[in-house]
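Reader: I have a structure open and I'm not sure how to read it. Could we go through it together, one feature at a time?

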Amino acid sequence: MTKFVDPHTAVLIRGAEMNDISAIAQVLTHSFYPPSWFRPLWQWGITLELRLRLAEPSPRYACLVAVVHQRVIASVEICTRSIPMRPWRHLVYPYVFNLAVHPQWRRQGIGKQLLAATEPIAKQWGFSQMFIHVLAKNHSACQLYFQANYELFRRDHRLWCGSSRLLLRKNLS
């Protein structure tokens, strides 16, 4: 993985390393879970999952981090998944997940930079489109993805959380 430094923000985008795991887990925990006494447990579980994914990466998995002054401030992961299209056919596609920017670093274009860094990976894997899920009520994330030229592919209704989840698709040119 090549490194990319944005000259305007001095943000380095690079592949995640094993010593980044606890910082990535902290960013993910602060981004996806509300403050509570459960937060250390969530962070511990995320740490274990990341350690497994990074220790034995598949050829179609990557974790990228955004670093400022040697501190991980954001991360994103990409892998391949499949969704049933018909009972006899599945669509295999690159799937972006766990895009998270530490709250102190949001609204500075870092999420957009990480999304853009996943596109060459999907192309290198031989794909012409990629997908990401977002909660319909997460307006700031929806805005980011739509500005990055993602479009609605499917709406999944989730009764247990009272919100729907959107599967977005981006065509890579």
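**Strands side by side**

Author: Sure, let's begin with the sheet pairing: strand 3 and strand 4 (residues 71–86) run antiparallel and are joined by eight bridges. Keep in mind that this is a predicted model.

Reader: Which residue in strand 4 stands opposite A66?

Author: That's A74. Strand 3 and strand 4 also make a hairpin, with two residues between the strands. In that hairpin, H69 has a positive phi near 50°.

Reader: How do strand 4 and strand 5 pair?

Author: In the antiparallel sense, over 11 bridges. R81 is a good place to look, since Y93 in strand 5 stands opposite R81. Strand 4 and strand 5 form a hairpin too, again one with two residues between them.

Reader: And what joins strand 2 to strand 3?

Author: Four bridges do, and those two strands run antiparallel. Strand 3 covers residues 61–68. Find R14 and look across to strand 3: V65 is the residue opposite.

Reader: Is strand 2 largely enclosed or largely open?

Author: To judge that, look at how many of its residues are buried, meaning under 20% relative accessible area. In strand 2 (residues 11–15), four of the five residues are buried, so the strand is largely enclosed by the rest of the structure.

**Unusual backbone angles**

Reader: You mentioned a positive phi. What sign does phi have in most residues other than glycine?

Author: In most of them phi is negative, so a positive value is worth a look. Take N98, in strand 5, where phi is near 55°. R107 has a positive phi as well, near 65°, and is found in the loop between strand 5 and helix 3.

Reader: Is R107 buried or exposed?

Author: R107 counts as exposed, because its relative accessibility is 74% and the cut-off for exposed is over 50%. N98, at 25%, counts as partly exposed.

**The largest pocket**

Reader: How much space lies in the largest pocket?

Author: About 1,400 Å³. It is lined by 39 residues, and the closest to its centre are F32, L99, N138, A141 and Y145.

Reader: Which element gives the most to the lining of the largest pocket?

Author: Strand 5, with seven residues. Other elements that each supply at least two residues include helix 1 (21–32), helix 2 (39–55) and helix 4 (139–147). For the chemistry, sort the lining residues by type: 20 are nonpolar, 10 are polar and nine are charged.

**Individual side chains**

Reader: Now for single residues. What does H133 touch?

Author: First place it: H133 is found in strand 6. Leaving out residues up to four places away in sequence, H133 touches Y95, V96, D156, R165, L166 and L167. Two of these neighbours also make polar contacts with it, side chain to side chain: Y95 at 2.8 Å and R165 at 3.5 Å. H133 counts as buried because its relative accessible area is 17%, and the cut-off is under 20%.

Reader: What is the relative accessible area of T118?

Author: It's 0%, so T118 is buried. T118 lies in helix 3, and a polar atom of its side chain is 2.6 Å from the backbone oxygen of L115. Beyond four places in sequence, T118 touches L64, V76, I78, V96 and M130.

Reader: Where is S36?

Author: S36 sits in the loop between helix 1 and helix 2. At 35% relative accessibility, S36 counts as partly exposed. A polar atom of the S36 side chain lies 3.0 Å from the backbone nitrogen of F38.

Reader: How many residues apart in sequence are L172 and F127?

Author: They are 45 residues apart in sequence, yet their C-alpha atoms are 8.0 Å apart in space. L172 is in the segment after strand 8 (163–171). Besides F127, the residues L172 touches include E119, A122, K123 and M130, not counting residues up to four places away in sequence. L172 is buried too, with a relative accessible area of 12%.

Technical notes. Residues are numbered from 1 along each chain as its sequence is written. This is a predicted model: local features need pLDDT of at least 70, side-chain atom pairs count only at pLDDT 80 or more; totals for chains, interfaces and linings use all residues. Side-chain values use heavy atoms; hydrogens and water are left out. Buried means under 20% relative accessible area, exposed over 50%, partly exposed in between (1.4 Å probe, protein chains only). Two strands pair if DSSP finds at least two bridges between them. On a 1 Å grid over the protein atoms alone, a cavity is a set of points where a 1.4 Å probe fits but cannot get out, and a pocket is an open set with protein on both sides within 12 Å along at least five of seven lines; lining residues have an atom within 4 Å of a point. Grid points are joined across faces, edges and corners, and a volume is the space filled by probe spheres set on the points. Ala, Val, Leu, Ile, Met, Phe, Trp, Tyr, Cys and Pro count as nonpolar, Asp, Glu, Lys and Arg as charged, and the others, Gly among them, as polar. A polar contact is a pair of N or O atoms within 3.5 Å; within protein, one must be able to donate a hydrogen and the other to accept it, and residues adjacent in sequence count only if both atoms are side-chain atoms. Contact means heavy atoms within 4.5 Å.
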